[in-house]
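Biologist: I am new to this structure and would love a guided tour. Could you show it to me, and then we can talk it through?

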Amino acid sequence: MASSGRLLVAAIDFGTTYSGYAFSFRHEFETDPLKVSASTWTAGSRALVSLKTPTTVLLDKDKNFHSFGYEAEDYYSQLAEDDDHGDWYYFRRFKMMLYGKEGKGGLTRNIPLKDIRDKELPALKVFSEAIKYLKGHLLKALEKRATDVKDTDIEWVLTVPAIWNDPAKQFMREAAEVAGIKSDQLTIALEPEAASLYCKHLPVEKMGGSEQGFTCFSKGSKYLVLDAGGGTVDITVHEVQSDGSLKELDKASGGSWGGTKVDESFRQMLVKIVGNDVMQEFCKESTSDFVDMFREFETKKRTVDQTTKNKVTMKIPIALKELFEEMTKEDLNETIEQTNFSGKLVWSGDKLRIQPETFRQLFSAAIDSTIEHVLNLLAQKSCECTTTIIMVGGFSESPLMQARVKEGFPKMRVIIPPDAGLAVLKGAVIFGHSPRAIKARRAKLTYGIGSNTTFDPKIHPESRKFYNDEDKTYYCRNTFSKHVTKGDLLEIDVAQSDQPYSPMSASQTSIVFPFFVSTDANPKFVDEKNCEKIGKMSVDIPKGGDGRNRSVRVRLIFGGTEIKVEATEERTKKVTEAKLNYLDDN
């Protein structure tokens with residue numbers, strides 16, 4: 001039963017390449033957790049039907065939302081053919097701009113986002129317009145089914161990669177709130193965890209045979225979820241607990257090795273042939289052809305595997321060849337002969353024929369990084385006895401990706417469930433109904449509070465020493481008061497830390513707590529190079545009592561997908577709750 005008690009759970013999978021939504025009613029979940037409804041999308045120009053639509057946003061010249069997905073792609077192509085697209089804003093594959101924005105000057109609430117022609121709009125606006133569209137599309141679908149579901153009856157779930165940092169999660173939450181989803185109706189789900197829950201509910205025969213299905217999710221078994229999406233490869237290792245819930249064995253990890261990494265390798269191959277200037281001009285002046293070229297490549301990269309022996313033939317807009325020869329005054333095939341691609345590909349008119357091994361090499365950067373990372377992860381003591389790899393996500397549907405993973409781990413069972421590309425989306429719906437199915441997670445960072453501590457000459461440098469007149473005591477400034485250590489096991493909704501803090505002055509009526517994270521296990525001071533301030537909260541401490549001896553106990557509650565903070569003023573027992581604000585420039 002859903003913890004919120006709401007009638008329906010609706011999940012939005014906001015992907016790098018493709019997005020979609022799915023939902024199920026509470027009574028459906030209680031009868032059959034896998035009974036999840038998903039939308040279908042049609043690409044008008046190709047009569048292509050799919051369960052996801054491209055993560056593409058089109059805004060008009062007045063910066064008003066126009067369309068999303070296939071509709072946005074087709075309309076923009078039409079504008080480009082009529083040379084009427086210059087003032088419009090076209091954003092595609094923009095989710096990854098939130099990844100890896102660490103430290104000062106990283107991700108902020110007002111960060112700009114560039115469109116395909118380098119025109120800028122606030123990223124928050126673009127993300128929120130996308131979520132707003134998907135939300136509206138779902139509500140219309142429910143209306144057509146005459147379900148009589150109100151907005152307040154829905155628990156929304158928004159998926160994010162597990163390897164994203166806390167500011168990126170907050171950014172997505174705020175984008176959803178701008179899109180009209182209320183904070184108390186929104187849950188953030190981690191993508192590989194959602195996929196894991198989906199697989200856990202699949203019938204044994206759909207997990208690749210009776211023995212595999214049974215041992216994969218039996219008590220005490222350990223398995224690795226490899227979620228290969230468009231932008232990221234997101235990896236978690238789970239152990240099944242005695243009550244059937246899941247415990248994370250090592251902190252979520254991965255990198256930007258998703259399917260778009262292959263697209264980038266293809267683009268770089270073309271750049272090495274025609275040059276960056278030609279490629280940029282082609283993108284700006286022949287945008288429709290540019291979009292079609294990558295649609296074509298998307299189709300081709302799903303068909304090539306380890307055994308492909310014939311050349312891969314794909315359509316390349318003739319406009320690119322003509323633009324190259326116009327700008328450089330050189331013959332394209334003569335230029336190819338002078339590159340490392342001589343004899344490996346032939347460019348004739350609007351056809352590019354590529355040797356199969358050359359085409360496979362476009363996958364190397366993404367797949368090699370993934371396999372190396374999984375090898376290192378499985379070598380960790382916490383992941384010993386992991387016997388199964390479950391592959392989910394759109395990129396996991398690539399025959400080449402599947403073959404390379406199986407080759408890389410010959411002693412492990414590699415399971416690819418049906419509809420691997422929808423595992424995250426359907427699993428997110430299941431997570432919305434049963435968020436406590438994930439019992440414990442690992443801390444990705446060390447968390448603490450900046451404070452002033454009684455000076456100890458054995459451990460504190462003299463340069464940090466200062467004197468407090470009120471209590472005639474020497475203190476050390478800017479110490480890192482640790483609450484959670486990187487790698488700690490964090491049980492859901494359990495306070496892993498509970499520490500007292502006192503004011504520096506008897507006249508103080510509040511204490512401001514600055515929160516910090518560190519990639520180190522035992523940081524001493526908050527201004528060390530691996531520390532970063534992530535937010536602050538203020539707690540009232542009424543006058544009275546014993547002057548400075550008015551302590552406040554601070555609890556950091558982890559285990560969920562987002563951190564909760566709770567401070568209790570000990571004399572009055574007043575509790576202050578706060579959410580850490582990661583997006584201020586502090």
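Modeller: Happy to, and please keep in mind that this is a predicted model. We can start with a pair of facing residues in two strands.

Biologist: Which residue of β25 is the bridge partner of Phe-466?

Modeller: Strand β24 covers residues 465-468, and strand β25 covers residues 473-484. The two run antiparallel and are joined by four bridges. One of the facing pairs is Tyr-467 with Tyr-474. For Phe-466, the bridge partner in β25 is Tyr-475.

Biologist: Which side chains of β24 are on the buried face?

Modeller: Side chains alternate along this strand. Lys-465 and Tyr-467 point to one face and are not buried. Those pointing to the other face, which are buried, are Phe-466 and Asn-468.

Biologist: Which residue in the turn between β24 and β25 has a positive phi?

Modeller: These two strands form a hairpin, with four residues between them. Most residues other than glycine have a negative phi. In this turn, a positive phi of about 55° belongs to Lys-472.

Biologist: Where is Asn-478, and is this residue buried, partly exposed or exposed?

Modeller: Asn-478 is found in strand β25. This residue has a positive phi of about 60° although it is not a glycine. Its relative accessibility is 33%, and partly exposed covers the range between 20% and 50%. Asn-478 therefore counts as partly exposed.

Biologist: Which strands stand at the edges of the five-stranded sheet?

Modeller: The sheet is open, with antiparallel pairing and the order β24-β25-β23-β28-β29. An edge strand here has a single partner, so one side of it is left without a neighbour in the sheet. The twist averages 40° from one strand to the next. The strands at the edges are β24 (465-468) and β29 (531-540).

Biologist: There is also a sheet of three strands. Which residue of β19 stands opposite Val-312?

Modeller: This open sheet has the order β17-β19-β18 with antiparallel pairing. Its edge strands, β17 (312-315) and β18 (345-348), each pair on one side only. Neighbouring strands in this sheet are turned by 15° against each other on average, direction ignored. Four bridges link β17 to β19 (residues 351-354), and opposite Val-312 stands Ile-354.

Biologist: Let us turn to a helix. How far apart are the end C-alpha atoms of α13?

Modeller: Helix α13 runs over residues 364-378, which makes 15 residues. At 1.5 Å a residue, it should span 21 Å. The model agrees with that expectation, because the end C-alpha atoms are separated by 21 Å.

Biologist: Why are the buried residues of α13 said to be on the same side?

Modeller: The buried residues are Ala-366, Ile-367, Thr-370, Ile-371, Val-374, Leu-377 and Leu-378. They lie on the same side because the arc they cover around the axis is only 125°. In general, an α-helix has 3.6 residues a turn, so residues three or four places apart point the same way. What covers these residues of α13 includes β14, β15, β16, α7, β20 and α14.

Biologist: Is Cys-385 buried or exposed?

Modeller: Cys-385 lies in the loop between α13 and β20. Although it is not a glycine, Cys-385 has a positive phi of about 70°. The cut-off for exposed is over 50%. At 65% relative accessibility, Cys-385 therefore counts as exposed.

Biologist: And Ala-72, is it buried or exposed?

Modeller: Ala-72 has its place in helix α2 (residues 70-81). Leaving aside neighbours within four places in sequence, Ala-72 is in contact with Thr-56, Leu-58, Ser-67 and Tyr-90. Its relative accessibility is 0%, so Ala-72 counts as buried.

Biologist: How far apart are the C-alpha atoms of Ala-506 and Met-97?

Modeller: Ala-506 lies in the loop between β27 (494-501) and β28 (510-518). At 34% relative accessibility, Ala-506 counts as partly exposed. Along the chain, Ala-506 and Met-97 are 409 residues apart, and their C-alpha atoms are separated by 47 Å.

Biologist: To finish, how far apart do the C-alpha centres of domain 2 and domain 3 lie?

Modeller: The protein is divided into domain 1 (8-202), domain 2 (259-361) and domain 3 (445-579). Between the C-alpha centres of domain 2 and domain 3, the distance is 56 Å.

Technical notes
Residues are numbered from 1 along each chain as its sequence is written. This is a predicted model: local features need pLDDT of at least 70, side-chain atom pairs count only at pLDDT 80 or more; totals for chains, interfaces and linings use all residues. Side-chain values use heavy atoms; hydrogens and water are left out. The expected span of a helix is 1.5 Å times one less than its number of residues. Buried means under 20% relative accessible area, exposed over 50%, partly exposed in between (1.4 Å probe, protein chains only). The arc is that of the directions from the helix axis to the C-beta atoms. Contact means heavy atoms within 4.5 Å. Domain bounds come from an automatic or database domain assignment. Two strands pair if DSSP finds at least two bridges between them. Axes are lines fitted to C-alpha atoms, for helices over the stretch in contact, and angles run from 0 to 180 degrees between N-to-C directions.
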